[in-house]
Amino acid sequence: MRKKRRRKRSFRRIWKGLAVLLMLSAVIAGIYFGMRHRPMAMGADGEPVESHVVHVMILGVDSRDDDVGRSDTLMVAALDTIQQKAALLSIPRDTRVEIEGHGYDKINHAYAFGGHTLTQKSVEKLLGVPMDHYILINTKSFPAIIDAIGGVDIDVEKRMHYEDPWDDNGGLVIDLYPGEQHMDGKKAIQYVRYRDGEGDIGRIGRQQKFMKAVLVKLISPEILPRLPELVRQVSKSVETDMSVTELLDFAQQMKAIHDNGLAAKMVPGRPAYLNDISYWIPDITDLRELMASELGLALTDEQKEKNQATEDSYNSALPSDMNLGDKSGGNAEDADSAEDDAKPLKPSEISVMVINDSGINGAGAEVAGILQRKGFVISNVETGKNASRQKTSITTSTANTNLFYGMPFPCVIMDGGGRRQAVVHIGLDYRHTGRK
């Protein structure tokens, strides 16, 4: 039972921060107006920072009665209140940072350790700038909000198919085809939740793409007059230290921010593994340079020296046995390539869950035995809720699909899941294999 619970929770995390993407446009508006004349702020290192640049930490958190949750979608919005420019920085949930009182760990663990306060301290230490505001998002209203704005138009970049038997309401099924299409709330959830061999990095790229599509919709002639109503509605689903008035006062400036360009970047760095646990190792000097350059600002020589010292200290604390991948820049696409280029895994490094959806007695154990003889690790064998699935499928990371070719039973091999995971759904076609 414990394994089921952990798996169900892990896939909930895939979409915890979706509503962030909807609130951000309103946030950009409110922060700009409300903080326009604020006094000079002090950075995390005690140095003054530009008074006209405002930073807002945005967290998507899945909080439940039995679990404080984790902030598995974490973004920082930086706004230049003079130039009316904005930049959105996505921080991968696996980013390894120093968490006060807990040593080095993944940044999404900070919320579990100490809520948004500890998360904010961790983010400030990583970026070297203070967070002026925070926003925590309740994601449950996501479909209704998308439907309220009439849906969004998205160009789906590839075939997206994924199934998770432990998701709520009988199982998650993501089934999208490539091409330009209009999405209602139900379809939009599938697009932003999808996660395959690209892992969290690929999902970040889709989140940023989706955010821009939402912003385009919000400044459209049919939606712009309704923004005050929509902001009030969405504000009920968030926890923040900002007032509704601040969010409303600048709603009509959103078009200017869009026209000036909303830059969407990701923390530059590299993937890494330590004892089979994945991390994202940030390049701190590149990160802080990126934060400034996206808003047209320049770092002083003294700031650059301090940033280099911070990076040197961070790197010296990396475990000697950590396996580091190649560096990538501040784009999710670059990070995808770095992760995809990682050394191919062996069957013994992949954990496989077998789900018998065929109703054929003993099929689950037989398939598990076949996979074990090929060297795969079987994490669990389950009886699915569906006893009439037609075709057998194997869902795994893009980099691992070749390891599953040549199975002694018919199956469809699909991209999806984590780098070290696979899920086998047994269908009725297994009946005709002449299995041994």
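**Note on the predicted model**

1. Val 381 sits in strand β19, which spans residues 377–383. The model is predicted. With a relative accessible area of 37%, Val 381 is partly exposed, because that class lies between the 20% and 50% limits. Val 381 touches Val 354, Gly 364, Ala 365 and Ala 368, leaving out residues up to four places away in sequence. Met 353 is 28 residues from Val 381 in sequence, yet the two C-alpha atoms are 6.1 Å apart.

2. Now the chain as a whole. The chain has 436 residues, and 56% of them count as buried. Its secondary structure comprises 13 helices and 22 strands. Take the contacts between residues at least 6 apart in sequence: 71% of these join residues at least 24 apart.

3. Which residues touch the most other members of the largest nonpolar core? They are Leu 89, Ile 91, Val 123 and Leu 127, in a core of 35 residues. Helix α3 (residues 109–127) gives the largest share of this core, six residues. Ile 91 touches Leu 74, Val 76, Ile 107, Val 123, Leu 126, Ile 204 and Val 267, again not counting residues up to four places away in sequence. A second core is separate and has 24 residues, including Ile 149, Val 156, Leu 172 and Met 183. As background, nonpolar side chains tend to be buried together in soluble globular proteins.

4. Pro 282 is a residue of strand β16. Its relative accessibility is 4%, so Pro 282 counts as buried; the cut-off is under 20%. Pro 282 touches Thr 95, Arg 96, Leu 126, Val 267, Pro 268, Gly 269 and Tyr 314, with residues up to four places away in sequence not counted. One of these partners, Arg 96, is 186 residues away in sequence and 7.5 Å away in space, C-alpha to C-alpha.

5. Why is helix α10 described as largely enclosed by the rest of the structure? Seven of its 10 residues are buried, so the description follows. The buried residues of α10 are Ile 284, Thr 285, Leu 287, Arg 288, Leu 290, Met 291 and Ala 292. Their cover includes strands β3 (53–61), β5, β14 (262–266) and β16 (277–282), along with helices α3 and α11.

6. Helix α10 (residues 284–293) also packs against helix α11 (residues 301–316): their axes come within 8 Å and cross at roughly 145 degrees. From α10, the contact uses Ile 284, Thr 285, Asp 286, Arg 288 and Glu 289. From α11, it uses Lys 304, Asn 307, Gln 308, Thr 310, Glu 311 and Tyr 314. By class, this contact has five charged, four polar and two nonpolar residues. Tyr 314 of α11 is also among the residues touched by Pro 282.

7. Next, the cavities. How many of 30 Å³ or more does the structure hold? There are five. The second largest contains about 80 Å³ of space. Its lining consists of Val 76, Ala 78, Ala 87, Leu 88, Leu 89, Lys 265, Leu 290, Met 291, Glu 294 and Leu 295. Strands β4 (71–80) and β5 (85–90) and helix α10 each give two or more residues to this lining. The largest share, three residues, comes from β5. By class, the lining has eight nonpolar residues, two charged and no polar.

8. Some residues recur. Leu 89 lines the second largest cavity and is among the residues touching the most other members of the largest core. Leu 290 and Met 291 are buried in α10 and line that cavity too. Val 76 is in the lining and touches Ile 91.

Methods. Residues numbered from 1 in each chain as written. Predicted model: local features only at pLDDT ≥ 70, side-chain atom pairs only at ≥ 80, totals over all residues. Heavy atoms only, no water. Axes fitted to C-alpha atoms, helices over the stretch in contact; angles between N-to-C directions. Helix = DSSP H or I, 4+ residues; strand = E, 2+ residues; numbered from the N terminus. Contact = heavy atoms within 4.5 Å. Nonpolar A, V, L, I, M, F, W, Y, C, P; charged D, E, K, R; others polar. Core = buried A, V, L, I, M, F, W, Y, C linked by side-chain atoms within 4.5 Å. Buried < 20%, exposed > 50% of the residue type's maximum accessible area, 1.4 Å probe, protein only. 1 Å grid on protein atoms, 1.4 Å probe; cavity = no way out; pocket = protein on both sides within 12 Å on 5 of 7 lines; lining within 4 Å. Points joined across faces, edges and corners; volume = space filled by probe spheres on them.
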